[in-house]
Amino acid sequence: MDRTFTLAEAKALMPEVRQRVAAYVRVRGDYAELSAELRGGEPSEAGGLAELKGFEARLHEELEWFQRQGIQVKGIAPLLIDFPALADGRQVLLCWLEGEAALAWYHRPELGFMGRRPIAELRLV
């Protein structure tokens, strides 16, 4: 789904984004712990490989929600997402990293995370 967000639309989605991220982080942690137990040969109360596959499926389901909204997932640990937007007639990505208090950064698509700048510098359409 190709979608362009206004800043208001992206900010309006942030409460649900935070809820989805919290769910994702819980499952990601469960997956990591069980995976480590299985690699170490530790017995697991969770059911072993079948439970691990279940966690993996839930992780994919959580990430698919972002994609269905038109949000781009750029990293999974920590979760890094971009909202495509327009500023001064050019494409930018409004960028949010797991743990940040607010949607406050953007970058040009070709620059990625390293090119992040404060949203306050933008004139969004």
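Me: Buried means under 20% relative accessible area, exposed means over 50%, and partly exposed lies in between, for a 1.4 Å probe and protein chains only. What percentage of the 125 residues of the protein chain count as buried?

Reply: This is a predicted model, in which local features need pLDDT of at least 70, side-chain atom pairs count only at pLDDT 80 or more, and totals for chains, interfaces and linings use all residues. Residues are numbered from 1 along each chain as its sequence is written, and side-chain values use heavy atoms, with hydrogens and water left out. Of the 125 residues of the protein chain, the share that counts as buried is 38%.

Me: In what order do the elements of the protein chain run from the N terminus on?

Reply: Helices (H or I, at least four residues) and strands (E, at least two) are DSSP runs, numbered from the N terminus. The protein chain has two helices and five strands. From the N terminus on, the order is α-α-β-β-β-β-β.

Me: In what order do the five strands lie in the open sheet?

Reply: Two strands pair if DSSP finds at least two bridges between them. The edge strands, each pairing on one side only, are strand 1 (72–76) and strand 5 (117–118). The pairing in the open sheet is antiparallel, and the order of its strands is 1-2-3-4-5.

Me: How many bridges join strand 2 and strand 3?

Reply: Strand 1 and strand 2 run antiparallel and are joined by four bridges. Strand 3 (residues 90–97) and strand 4 (residues 105–107) are also antiparallel and are joined by three. For strand 2 and strand 3, again paired in the antiparallel sense, the number of bridges is eight.

Me: Which residue in strand 4 stands opposite Cys95?

Reply: Opposite residues can be named for several strand pairs: Val73 faces Ile81 in strand 2, and Leu86 faces Gln91 in strand 3. Leu93 has His107 of strand 4 opposite it. Opposite Cys95, in strand 4, stands Trp105.

Me: How many residues of strand 3 are buried?

Reply: Helix 1 (residues 7–39) lies across strand 1, strand 2 (79–87) and strand 3, where contact means heavy atoms within 4.5 Å. Strand 3 is mostly covered, and of its eight residues the number buried is six.

Me: How far apart are the axes of helix 1 and helix 2?

Reply: Axes are lines fitted to C-alpha atoms, for helices over the stretch in contact, and angles run from 0 to 180 degrees between N-to-C directions. Helix 1 and helix 2 (residues 49–69) pack at an angle of about 160°. Angles under 35 degrees count as roughly parallel, over 145 as roughly antiparallel, 65 to 115 as roughly perpendicular and the rest as oblique, and helix 1 and helix 2 are therefore roughly antiparallel to each other. The distance between their axes is 9 Å.

Me: How many residues of the contact of helix 1 with helix 2 are nonpolar?

Reply: Ala, Val, Leu, Ile, Met, Phe, Trp, Tyr, Cys and Pro count as nonpolar, Asp, Glu, Lys and Arg as charged, and the others, Gly among them, as polar. In the contact of helix 1 with helix 2, eight residues are charged, one is polar, and the number that are nonpolar is 16.

Me: Is Phe66 buried or exposed?

Reply: Phe66 lies in helix 2. Leaving aside neighbours within four places in sequence, Phe66 is in contact with residues including Val17, Val21, Ile71, Val73 and Ile81. At 0% relative accessibility, Phe66 counts as buried.

Me: What is the relative accessible area of Arg26?

Reply: Arg26 belongs to helix 1. The C-alpha atoms of Arg26 and Gly112, 86 residues apart along the chain, are separated by 27 Å. Arg26 is exposed, and its relative accessible area is 52%.

Me: Which residue in the hairpin of strand 2 and strand 3 takes a positive phi?

Reply: Most residues other than glycine have a negative phi, and most peptide bonds are trans. The hairpin of strand 2 and strand 3 has two residues between the strands. One residue in the loop there is partly exposed, with a relative accessible area of 45%. The residue with a positive phi, near 50°, is Asp88.

Me: What is omega of the cis peptide bond that joins Ala77 and Pro78?

Reply: A hairpin joins strand 1 to strand 2 through two residues. Pro78 lies in the loop between these strands. The peptide bond joining Ala77 and Pro78 is cis, and its omega is about 5°.
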